[in-house]
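Let's take a walk through this structure together, starting on the inside and working through its rings and charges. Keep the 3D view open as you read.

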Amino acid sequence: MLDTAAILMSHGEKIAYAYAEGVNDNMCQSHFHEFFELYYLESGERHHMIEGELYHLTAHEFIIFPPNVMHHSYGDKNVPFKRIVLYFTPDMIVYPEVRSYLLETARVFSLKKIKKSMIHLLLSMLHTELDKEEGLFQKEYLENLLNQLLLTILRADYTPVESTPRTRPAQAVNYIHEHYAEEISVSALADMLYVSPYHLCREFKKVTGKTIIQYLNMTRVLHAQRMLLETDYNITRISKETGFSNLTHFNRIFKSITGVSPSEKRKQYQSV
């Protein structure tokens, strides 16, 4: 589905809201944002892969992703869902302690019933305000609503959602996320998981929609994008630190996934 809120953020908005519902609408590749994301599952069930850890969300559970955390979501076959996403830049959080806390790691929450209505109300008020024409003190009002929402969540009596037991594909994904900078072969990965390469490849593609090599390349390119954004390392160093055997191969894979070369991507980041 088209992520209209992310498009708004890419055009310079500091906060954006989007509601969506669907079925069999799955992401087959991880991504990251340069801003925070609050993902609220209103109904249904979804699986979220976050930096190699798999989480199973049910209705009224949600995730707050910091910037630059790789993740993707998918659902079981024919299971409908409704979700809200709220994107916001770090400077929209007015309290430094809250900002620092939320920047530490992605957090998955399951709220007690008493707080669900309050979360719904604040999200609804944010949506209503964002749909209006720009008015007097709108930025300040949105900032206030957002910070009230975040503080309500963090002060609530919530249960952290634990990651689900790892299947072989999930273990393979986790290994890739932790060792992407090293040499990884399908046969070595299969040996480590006590299964034949053929069976691991079948299981992996069924869960992720990608081959192991495709997923490995995407993970390396995502990390390369983060380095292009966050460091001043040259392209050759980034290529080596993300596990590519040579610069030519890195450039070719990077462009096949992002549509632009690493140097062009860096220029895009610098122009924002």
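Which residues touch the most other members of the largest nonpolar core? Keep in mind that you are looking at a predicted model. The core in question has 27 residues, and the ones with the most partners inside it are Leu-38, Leu-86, Phe-88 and Leu-149. Quite a few elements chip in with two or more residues each: the strands β1 (15-22), β2 (36-43), β5 (61-65), β7 (81-88) and β8 (107-111), plus the helices α2 (96-104), α3 (113-131) and α4 (138-155). Helix α4 gives the largest share, six residues.

To get a feel for this core, click on Leu-86. Leaving aside residues up to four places away in sequence, Leu-86 touches Ile-15, Ala-16 and Tyr-17, then Phe-36, Glu-37 and Leu-38, and also Leu-123, Leu-126, Leu-146 and Leu-149. Apart from this core there is another one, made of 20 residues, including Ala-5, Ala-16, Ala-106 and Val-161.

Now for the aromatic rings, which form seven pairs. Take Phe-36 and Phe-88: their ring centres are 5.2 Å apart and their planes meet at 10°, under the 30 degrees that counts as stacked. Along the chain these two are 52 residues apart, with Phe-36 in strand β2 and Phe-88 in strand β7. Both Phe-36 and Phe-88 are buried.

Phe-244 and Phe-250 make a tilted pair, with 5.0 Å between centres and 55° between planes. Are these two rings buried or exposed? Phe-244 has a relative accessible area of 5%, so it is buried, and Phe-250 is buried too, at 1%. Elsewhere, ring pairs tie Tyr-40, Phe-62 and Phe-109 into a cluster.

Some rings have a charge sitting over them instead. The charged end of Arg-107 is placed over the ring of Tyr-101, 3.7 Å from its centre. Likewise, Arg-237 lies over the face of Tyr-233, at 3.6 Å from the ring centre.

Arg-237 has another partner as well: its side chain meets that of Glu-241 in a salt bridge, 2.8 Å from N to O. Glu-241 and Arg-237 are four residues apart in helix α9 (residues 235-241), so about one helical turn separates them. Both ends of this bridge are partly exposed, Glu-241 at 30% relative accessible area and Arg-237 at 38%.

How many salt bridges does the structure hold? There are six. One of them joins Lys-14 and Asp-91, at 2.6 Å from N to O. That pair spans 77 residues of chain, from the loop between α1 (4-10) and β1, where Lys-14 sits, to the loop between β7 and α2, home of Asp-91. Lys-14 is partly exposed at 34%, as is Asp-91 at 41%. Another bridge connects Glu-129 and Lys-132, at 3.4 Å. Here Glu-129 is buried, with a relative accessible area of 10%, whereas Lys-132 is partly exposed at 49%.

Finally, have a look at a hairpin. Strands β3 (residues 45-50) and β4 (residues 53-58) run antiparallel and are joined by six bridges. Arg-46 stands opposite Leu-57 of β4. Two residues lie between the strands, and Glu-51 in that turn has a positive phi of about 50°.

Definitions and conventions:
Residues are numbered from 1 along each chain as its sequence is written. This is a predicted model: local features need pLDDT of at least 70, side-chain atom pairs count only at pLDDT 80 or more; totals for chains, interfaces and linings use all residues. Side-chain values use heavy atoms; hydrogens and water are left out. A nonpolar core is a set of buried Ala, Val, Leu, Ile, Met, Phe, Trp, Tyr and Cys residues joined through side-chain atoms within 4.5 Å. Buried means under 20% relative accessible area, exposed over 50%, partly exposed in between (1.4 Å probe, protein chains only). Contact means heavy atoms within 4.5 Å. Two strands pair if DSSP finds at least two bridges between them. Rings of Phe, Tyr and Trp (its six-membered ring) pair if their centres lie within 6.5 Å; planes under 30 degrees apart count as stacked, over 60 as edge-to-face and the rest as tilted. A charge sits over a ring if NZ of Lys or CZ of Arg is within 6 Å of the ring centre and within 35 degrees of the ring normal. A salt bridge is a side-chain nitrogen of Lys or Arg within 4 Å of a carboxyl oxygen of Asp or Glu.
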